[in-house]
Amino acid sequence: MTFVRYHVRHETLYQYDQVVGESHHLLRLTPRALPWQRNLEHHLAIAPEPPVRSSFLDSFGNRITKIDFTAEHEYLRIISEFWVELRERPKPSAAAAKVPWETVRDSLRYRADRKFPADHLQATAFRFVSTNVPIDSQYAAYAREAFLPGRALVEAADALMRMIHRDFRFDATATETFTPVEQAFKARRGVCQDFSHIMIACLRSVGLAARYMSGYILTHPPEGKERLVGADATHAWVAVFVPDFGWLELDPTNALRPDLEHITLGWGRDFSDITPMRGVLLGGGGHEPEIAVTVVPEEEFASLYGDGETYLEELST
């Protein structure tokens, strides 16, 4: 069976304009353990060292590290580094791939006397409106080009993914982290987060269950250029519920099904459920994080990093 290994480094630095008197943060930076993804090693370095650190699973099964500061501090630096091994993701069986989308929609609908199978009951949590994903007729109308009567769900979801890739332009300047989905939808431009929210809105608006996937993707430098440390970014994609299979992952930004180049941190109903870092603080003034992400295949690790400093040595500088 084919497998690949990657090293991922995700660094976040806050340089506060004013002293922070107290702060509390939730970090979702630990990769999920999945049948096709194995977390080989993970280090989470934080400076200044938080006096209180704990770990737990959220309601979606994502690993959260909670850190609390009660003493004054002028900056916060977090480096998450891990090795992960990926194997080929499973594919829907021929039978599962042929189920009409209306059949799946109807199987997820509420009825007072209905008893849902466990997988359907879990999927229904991803069928409704969430903080950043509305349900509206405009998204259903857009999706109708893909979701033709009687069409198989898997085929229709693939078609919707390619429609979004065709119709929407990737533009890093068009939106911000909390730009409403409607604005990106009307502008027909945005980033991976926007494309994922739009696709989820379309899927939920026709009655299907869809979740927001968060993680990283291997990027390929332009021909003749070297891979650069810190030049990557976090990535987002979508998963739609397919009965008798599970969750089929789709990447509308790149018009492909994730496989050996997508590394999963976790998932939720939308971005607000799976932000890599969220917190509250007293003080700090204006501040914007500096974020640097590097995803490197195992065979390129030595050429990129050599025997350079470890994350612990870097934190001590």
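## Exercises on a predicted two-domain model

A search of the whole structure, which is a predicted model, finds 16 aromatic pairs.

**Exercise 1.** Classify the geometry of the ring pair Tyr 139 and Phe 185, and state which helices hold the two residues.

*Solution.*
- Step 1. A pair of aromatic rings is described by the distance of the centres and the angle of the planes.
- Step 2. For Tyr 139 and Phe 185 the ring centres are 4.9 Å apart and the planes stand at 65°.
- Step 3. Planes over 60 degrees apart count as edge-to-face, so the pair of Tyr 139 and Phe 185 is edge-to-face.
- Step 4. Tyr 139 belongs to helix α4 (residues 137-143) and Phe 185 to helix α6 (residues 181-187), so the pair ties together parts 46 residues apart in sequence.

**Exercise 2.** Describe the interface of domain 1 and domain 2 by its area, its contacts and the elements that supply the side of domain 1.

*Solution.*
- Step 1. The domain assignment gives domain 1 as 3-87 + 275-315 and domain 2 as 96-273. Taken over C-alpha atoms, their centres are separated by 26 Å.
- Step 2. In domain 1, 31 residues are in contact with 27 residues of domain 2. About 2,500 Å² is buried between the two domains, and carbon and sulfur atoms give 62% of this area.
- Step 3. Within domain 1, the residues that lose the most area to domain 2 are Phe 60, Val 293 and Val 295, which together account for 25% of what that side buries.
- Step 4. The rule finds 0 salt bridges across this interface, whereas 11 residue pairs, both at pLDDT 80 or more, are in polar contact across it.
- Step 5. On the side of domain 1 that touches domain 2, at least two residues each come from β1 (3-27), β5 (73-87), β13 (290-297) and α8 (301-305). Strand β13 gives the most, with 6 residues.
- Step 6. By class, that side of domain 1 has 19 nonpolar, 6 polar and 6 charged residues.

**Exercise 3.** Give the count of salt bridges, and locate the partners in the pair of Glu 85 and Arg 38.

*Solution.*
- Step 1. The count comes to 21 salt bridges by the rule.
- Step 2. In the salt bridge of Glu 85 with Arg 38, the closest N and O atoms are 3.4 Å apart; the cut-off is 4 Å.
- Step 3. Glu 85 lies in strand β5 and Arg 38 in strand β2 (residues 37-47), so this pair ties together parts that are 47 residues apart in sequence.

**Exercise 4.** Identify what is unusual in the backbone at Pro 48 and at Arg 188, and place each residue.

*Solution.*
- Step 1. Most residues other than glycine have a negative phi, and most peptide bonds are trans.
- Step 2. The peptide bond from Ala 47 to Pro 48 is cis, with omega near -5°. Pro 48 is in the loop between β2 and β3 (52-57).
- Step 3. Arg 188 is not a glycine, yet its phi is positive, at about 60°. Arg 188 sits in the loop between α6 and β7 (189-190).

Technical notes
Residues are numbered from 1 along each chain as its sequence is written. This is a predicted model: local features need pLDDT of at least 70, side-chain atom pairs count only at pLDDT 80 or more; totals for chains, interfaces and linings use all residues. Side-chain values use heavy atoms; hydrogens and water are left out. Domain bounds come from an automatic or database domain assignment. Contact means heavy atoms within 4.5 Å. Buried area is the accessible area (1.4 Å probe) that two parts lose on being put together, summed over both. A salt bridge is a side-chain nitrogen of Lys or Arg within 4 Å of a carboxyl oxygen of Asp or Glu. A polar contact is a pair of N or O atoms within 3.5 Å; within protein, one must be able to donate a hydrogen and the other to accept it, and residues adjacent in sequence count only if both atoms are side-chain atoms. Helices (H or I, at least four residues) and strands (E, at least two) are DSSP runs, numbered from the N terminus. Ala, Val, Leu, Ile, Met, Phe, Trp, Tyr, Cys and Pro count as nonpolar, Asp, Glu, Lys and Arg as charged, and the others, Gly among them, as polar. Rings of Phe, Tyr and Trp (its six-membered ring) pair if their centres lie within 6.5 Å; planes under 30 degrees apart count as stacked, over 60 as edge-to-face and the rest as tilted.
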